[in-house]
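I am opening my notebook to record what I looked up, going from the whole chain down to single residues.

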Amino acid sequence: MEQPKGVDWTVIILTCQYKDSVQVFQRELELRQKREQIPPRTLLLAVEDPETRVGSGGATLNALLVAAEHLSARAGFTGRDFPFDDCGRAFTCLPVENPQAPVEAVVCNLDCLLDIMSHRLGPGSPPGVWVCSTDMLLSVPPNPGISWDGFRGARVIALPGSTVYAQNHGVYLTDSQGFVLDIYYQGTEAEIQRCARPDGRVPLVSGVAFFSVETAEHLLATHVSPPLDACTYMGLDSGARPVQLSLFFDILLCMARNVNREDFLEGRPPEMGQGGADVAGYLQGARAKLWRELRDQPLTMAYVPDGSYSYMTNSASEFLRSLTFPGAPRAHIVHSQVEELQLLGAGSSVVSCLLEGPVQLGPGSVLQHCHLRGPIQIGAGCFVSGLDMAQSEALHGLELHDLVLRGHHVRLHGTPSRAFTLVGRLDSWERQRTGTYLNMSWSEFFQKTGIQDWDLWDPDTPPAERCLLSARLFPVLHPSRALGPRDMLWMLDPLENGGEALRAWRASWRLSWEQLQPCLDRAATLASRRDLFFRQALRKARHVLEARQDLSLRPLIQAAVHEGCPGPLLATLDQVAADAGDPGVAARALACVADVLGCMAEGQGGLRSGPAANPEWMRPFSYLECGDLAGGVEALAQERDKWLSRPALLVRAARHYEGAGQILIRQAVMSAQHFVSTEPVELPAPGQWVVAECPARVDFSGGWSDTPPLAYELGGAVLGLAVRVDGRRPIGARARRILEPELWLALGPQQDQMAMKIVCRSLDDLQDYCQPHAPGALLKVAFICAGIVDVRSKLSLSEQLLRTFGGGFELHTWSELPHGSGLGTSSILAGAALAALQRAAGRAVGTEALIHAVLHLEQLLTTGGGWQDQVGGLIPGIKVGRSRAQLPLKVEVEEITVPEGFVQKLNDHLLLVYTGKTRLARNLLQDVLRSWYARLPAVVQNAHSLVRQTEKCAEAFRQGSLPLLGQCLTSYWEQKKLMAPGCEPLAVRRMMDILAPHVHGQSLAGAGGGGFLYLLTKEPQQKAALEAVLAKTEGLGNYSVHLVEVDTQGLSLQLLKSETST
């Protein structure tokens, strides 16, 4: 499903609290641009806040200034410390997946907000600046219904909330026209009720605002004037004192209509907290400047009633609720590989984890970014993140409940290290509240563990400041060993080892949570997450292939290439292919390697479809041909390493990997030989012709499902009709023995003088049998497939022919249909040739055996066709061919019984129109196989629909309903176009539109792209009428209309009287 076009941002700015985050977050933005989440021409800027405490408004003003220095700004984001993710709320990972994403990746809050801004809130807005906080979780419907007619000034986006929720948040008061009258933060009950909508909900301050160009320019103008210059890096670089401003309660509040100047100047934003008189005076000057610049700018509110807003507080309980699914019957698992799924509690969530062995997770608990090996028991109400295999053992024998255990990457004086923190789910991160630790009071904690308050705080620390944020609880360096989770977990059972753990804890260098924040290594954190994501992704790739799952690996391939780590993925695919006991699994793994190489070429280097017979690749191909799969895969990888230096070589290597896959497909299809058998019959006299004649075929449903590997991986079902065209059976072959020990081949019309003739006197003359475009290739391969000639024999051609048959053969094939007709000509012709040759060689072959023999023949010929053509043309009437999802590949045919007289009715309403456009199915076939092996969701779904539709079409025939058959044809053509995009030329579409009012349904025959169009007309005998309709339309080209009727004879074989050899 294609992503709808979103906003074409000019610039996106991500504001960063810490200087060392700038390069890290810049790279994260660039990665999202590579993943196509951000338009390719958008300028991306990660900008450090000019000072730690300039507030959301100050950060916005600084970001606006930086953007203006590059070009006109278009977007901004900001964030602050968050106790549950070292990279802040923006990069907090969510338990969601985007199955439509072209690149597989863990979804962060930033990704959701980008999508909302680009595809939901942003579209339709005029030029200007969008500002979006990253401190909240948002949900916005696809069409929020925001009108921008007559807009000017600024606009805030509000989402609904309850009056109870609003008591701790901000709400808007508006008039009937949507103008903002006031903004209340933690308002009184009366103020909140004044804001209530008719449904009882209130419009919450939701962290999203839009500034028109005019208003943004007014805001930008303030950066040069004290004290607002202190919000920007320019002011701070000039020595200005920092000023803390709120986006909503300073910048936007001054535009609210009911706010008067005196109250505005006296107020202070909620995020500022308490401060002295000098701070208040400084802020008053800043507000006065904002009032002068922005007071005349209108502020309106857009309310999105079907959206939702949730501020990401520092409460662990609220955080867990936002990441879990209460009431869900099972765990929610995202981008994770879990060996024992049954141990995950209902409603829990697991994001980007590898869980080996028995890892138990209680209800309502969350695991993120962990590689653990059981036995591990994590009870209810826990959040565990950032642990790897080295820390798994520390969890053995413990049962955690209501705890937050996290591993951190830190950098101490330039040295990378690990640290671990443990807090209780119920602990408060606020300074003003009564403190707890590990869900108990400090006094209880001290009594239980033996830790004293002087271990955590300096003696002169005021009691009001002795809180979780300032307690030196967390070891970051031990004098003699590496740290692990046990350096915190001992506190849960402090008496276990006689006080040794307490002594080790006291011996460690410890930091408080506040002191730890500047030491966090965000680059190492994101790199570690990425490494774990790809480790689990490699296991996923292996499992998907080995379990034959219909999941696409292409988004994962894109991720590996975009993020510079295709090597491990290639090695995994090599291993899967080499170890596969199933040629289908191995072929798909090789196709995935081809996809990796094609992706590495980044759209350069030429078309993916092309030749695959370079001599350098023949050694690995020979291993595969001989059945040495492991040796072939190893040789392919060795050759591949020489072709990685530039796009053109990568594309050519990808083609050869697809060629290697074709060898494995060929071996799988060769299993159809199990069902080829012949019976000896009297040998015709030399010179006696055996003539085989066949109808063409028209496919009514299910085409493509018969094509290997779909035929044996999905299972195929095709409904086809054997048909005469203009009363004739247009396809045939004749064969006879001749005295000369040679093979005489003729192609063309039945009149000998018009045919192209080829004489094969040696085995060398047959060596191009596997090159489909070589003259007489199909006839040459028919001799090989029929067992008349062995091209690998040490005996010469003449010796083989004389020893077995006392002479040679003459074979002549013809078709009265144009090349690329779509009516199954080449496969039916192969069947006719084989039937004639076998009979001329003194063998009888049944139709079922012939169907499988043609599969074998087309694999030798390397055209790689399916089975529907020979089923359609060799077996009479209306029938369904089916193959099961298994090997050996066997085709079974059911003839469909229709109501009496319906065949004649069908003949009266069925017409063929030759479009004048020839088509070549080979590139279409390669494209379809590539899409199938990639398991693109749309292709997989469509393939299943093709098979289901065949059974519906069969039922329509049994009922004898032309309208129902017309519906089948119409939907079948849509399915073909989904399977092979580009199979409908514009001229053909124009012709179909002209004919549409006159038909129940229509479709191009076969793979499409040209050839014959077949129609089911509403009225009988419409040939002349439709010729007249088409004649009135200019520019249709060299078309022609033909009668068609169901053939009830199928393949016919007859021996003529002896003739002298020509």
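These entries follow the order in which I looked things up.

**Entry 1, the whole protein.** I note before anything else that this is a predicted model, and I keep that in mind for every value below. I looked up the overall dimensions, and the C-alpha atoms fill a box of roughly 120 × 75 × 50 Å when it is taken along the principal axes. I then looked up the secondary structure and found 36 helices and 43 strands in the protein. Of its 1062 residues, 58% count as buried, and the surface that the protein exposes comes to about 43,000 Å², of which carbon and sulfur atoms supply 51%. I also looked at contacts with a separation of 6 or more, and residues 24 or more positions apart account for 70% of them.

**Entry 2, two annotated stretches.** In UniProt, an unreviewed entry gives "domain: GHMP kinase N-terminal" for residues 800–871, and I found that this stretch is 57% helix and 15% strand, with its end C-alpha atoms 32 Å apart. The UniProt annotation "domain: GHMP kinase C-terminal", likewise from an unreviewed entry, covers residues 954–1029. Over residues 954–1029 I read 54% helix and 16% strand, and the end C-alpha atoms are 31 Å apart.

**Entry 3, helix α21.** I wanted to check the length of α21, which runs over residues 583–600. At 1.5 Å a residue its 18 residues should span 26 Å, and the end C-alpha atoms are 26 Å apart, so the expected span and the model agree. I next asked myself how many of the 18 residues of α21 are buried. The count is 16, and therefore the helix is largely enclosed by the rest of the structure. At the N-terminal end, aspartate 582 caps α21, with a side-chain oxygen lying 2.6 Å from the backbone nitrogen of glycine 584. After the helix comes glutamate 602, and I wrote down that its phi is positive, near 55°.

**Entry 4, glutamine 859.** I located glutamine 859 in helix α29, which covers residues 847–861. Is glutamine 859 buried or exposed? Its relative accessible area is 1%, and because buried means under 20%, glutamine 859 counts as buried. I then looked up what surrounds this residue, leaving out residues up to four places away in sequence, and found that glutamine 859 touches Ile665, Arg666, Val669, Met670 and Pro708, together with Gly864 and Gly865.

Note on methods:
Residues numbered from 1 in each chain as written. Predicted model: local features only at pLDDT ≥ 70, side-chain atom pairs only at ≥ 80, totals over all residues. Heavy atoms only, no water. UniProt positions renumbered as here; feature names shortened; annotations may be inferred. Helix = DSSP H or I, 4+ residues; strand = E, 2+ residues; numbered from the N terminus. Expected span 1.5 Å × (residues − 1). Buried < 20%, exposed > 50% of the residue type's maximum accessible area, 1.4 Å probe, protein only. Polar contact = N/O pair within 3.5 Å; in protein donor to acceptor, adjacent residues only side chain to side chain. Contact = heavy atoms within 4.5 Å. Areas by Shrake-Rupley, 256 points an atom, 1.4 Å probe, with all protein chains shown as cover.
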